[in-house]
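Hi everyone, thanks for making time for this one. I'll walk you through a single protein, so have a look at the picture and then follow along with me.

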Amino acid sequence: MELRHFRCFAAVAENLHFARAAAQIGISPPALTKQIQEIERLLEVRLFQRTKRSVALTSAGEIFWAEARRTLEQAARAEEAARRAGRGEIGRIEIGYVASAAYSGLLQTEIARFRQTYPDVKLNLSETHMDSLPQLVGDGGMDLAFIRPPMDCPGNVTTVNLLSDRWVVALAENTALGQTPATVAVRPAELAGQRFILPEQPAGALETARRGRFVPILGPRPGGLVAVITLVSLGEGVAIVPASVIDRVCMPGVVYREISGKPALTGIAVAYRRHEKSPAVRAFIKQITPRRK
């Protein structure tokens with residue numbers, strides 16, 4: 001049986017009148033009669049008692065009507081789900097991010113905006129090592145990734161910058177540089193000879209060394225910013241980190257200082273596939289791309 005059979009049967013069962021039922025579903029009474037006869041032939045059972053003056057459901061018809069209603073309701077739900085999926089209103093998005101995207105507040109802001117508009121889209125979020133995120137997006141392991149450029153991306157992946165930030169230096173408080181007044185910026189050259197604890201994006205350390213005209217001593221790369229700042233607090237070195245962490249990662253024994261000269265800028269971007277097919281992912285991309293400058 002096909003869905004049209006259920007719809008024809010439902011029209012007659014609701015109206016108990018072939019002419020009215022035919023008008024309801026937009027076919028002729030003879031065509032509707034033919035459809036009902038075809039259903040009864042397929043089922044090998046009478047569904048209606050028909051006389052010249054009345055139409056009534058048989059006992060088999062009553063049972064079939066209860067099941068037919070459920071079938072039509074499920075079909076309607078399936079059709080609506082397909083339409084909503086096509087509009088990006090339901091679905092699933094895999095989102096990777098680096099910790100500093102959360103510390104900046106940008107990740108929370110964009111996720112909250114999207115959930116407000118698309119509450120039925122499931123968002124799976126996972127903090128992931130930044131070096132692997134662009135390739136994960138390109139290979140389909142992730143749909144979107146909040147990263148800190150500059151980063152090399154596969155050819156099928158592009159990015160949109162959402163936030164600008166500046167680099168600052170995290171210092172152990174009991175060091176000579178850490179004991180300088182908070183209002184005094186650290187000159188890049190003063191960091192020569194220091195060991196640099198590297199966060200997820202080493203560009204800040206490399207740019208600071210370039211400006212100070214020295215070759216940096218590159219230390220461990222422990223992962224997230226909390227791990228980086230922890231090593232600084234233990235006297236393992238200094239770290240060039242985004243300014244957005246100053247008020248969010250407060251650790252005993254660590255101070256933050258501005259870096260003198262023209263601010264060295266960093267930022268947060270979202271990486272996504274250029275020719276995305278998922279309507280839900282395209283809806284998220286549409287949310288963020290108007291901010292492109």
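**A tour of the inside and the outside**

Let's start with one residue, I93. Setting aside residues up to four places away in sequence, I93 touches F114, V121, K122, L123, N124, D143, L144, A280, V281 and F284. Keep in mind throughout that this is a predicted model.

So what does I93 belong to? The largest nonpolar core has 34 residues, and I93 is among those with the most contacts inside it, along with I95, F114, L144, F146 and F284. Now, which elements each supply at least two residues of this core? There are strands from several parts of the chain: β3 (91–97), β4 (121–127), β5 (144–147), β6 (157–172) and β11 (265–273). Then there are the helices α6 (106–117), α7 (133–139) and α10 (279–288). The largest share comes from α10, which gives 6 residues.

There's also a second, separate core, this one of 21 residues, and it includes V12, A13, W65 and A68.

Back to α10 for a moment. How many of its 10 residues are buried? The count is 7, so the helix is mostly covered, and buried here means under 20% relative accessible area. The buried ones are A280, V281, A283, F284, I285, Q287 and I288. They pack against β3, α6, β4, β5, β6 and β11. Here's a handy bit of background: an α-helix has 3.6 residues a turn, so residues three or four places apart point the same way.

Okay, zooming out. In total the protein has 10 helices and 11 strands. What is its radius of gyration? It has 32 Å, while a compact globule of 293 residues would be near 19 Å. You can also look at the box that the C-alpha atoms fill, taken along the principal axes: roughly 105 × 35 × 30 Å.

Of the 293 residues, 44% are buried. If you take contacts with a separation of 6 or more, 68% of them link residues 24 or more positions apart. On the outside, the protein exposes about 15300 Å², and carbon and sulfur atoms supply 52% of that. As for charge, there are 38 positive and 28 negative ones, and their mean positions are 6 Å apart.

Now a few backbone oddities to look for on your screens. The peptide bond from P149 to P150 is cis, with omega near 5°. You'll find P150 in the loop between β5 and β6.

Next, two residues other than glycine with a positive phi. L16 has phi near 50°, and it sits in the loop between α1 (3–15) and α2 (18–25). E44 has phi near 60°, and its loop runs between α3 (29–43) and β1 (48–50). Is E44 buried or exposed? E44 is exposed, because its relative accessible area is 73% and the cut-off for exposed is over 50%. L16, at 36%, counts as partly exposed.

Last stop: D131, in the loop between β4 and α7. D131 is partly exposed, with a relative accessible area of 44%. Which residues is D131 in contact with, leaving aside neighbours within four places in sequence? Those are M151 and R221. And to get a feel for distance, D131 and T183 are 52 residues apart in sequence and 35 Å apart in space, C-alpha to C-alpha.

That's the tour, thanks for listening!

Technical notes:
Residues are numbered from 1 along each chain as its sequence is written. This is a predicted model: local features need pLDDT of at least 70, side-chain atom pairs count only at pLDDT 80 or more; totals for chains, interfaces and linings use all residues. Side-chain values use heavy atoms; hydrogens and water are left out. A nonpolar core is a set of buried Ala, Val, Leu, Ile, Met, Phe, Trp, Tyr and Cys residues joined through side-chain atoms within 4.5 Å. Buried means under 20% relative accessible area, exposed over 50%, partly exposed in between (1.4 Å probe, protein chains only). Helices (H or I, at least four residues) and strands (E, at least two) are DSSP runs, numbered from the N terminus. Contact means heavy atoms within 4.5 Å. The radius of gyration is taken over C-alpha atoms; the globule rule is 2.2 Å times the number of residues to the power 0.38. Accessible areas come from the Shrake-Rupley method with a 1.4 Å probe; for residues, only the protein chains shown count as cover. Lys and Arg count as positive and Asp and Glu as negative; His and the chain ends are not counted. The place of a charge is taken as NZ of Lys, CZ of Arg, CG of Asp or CD of Glu.
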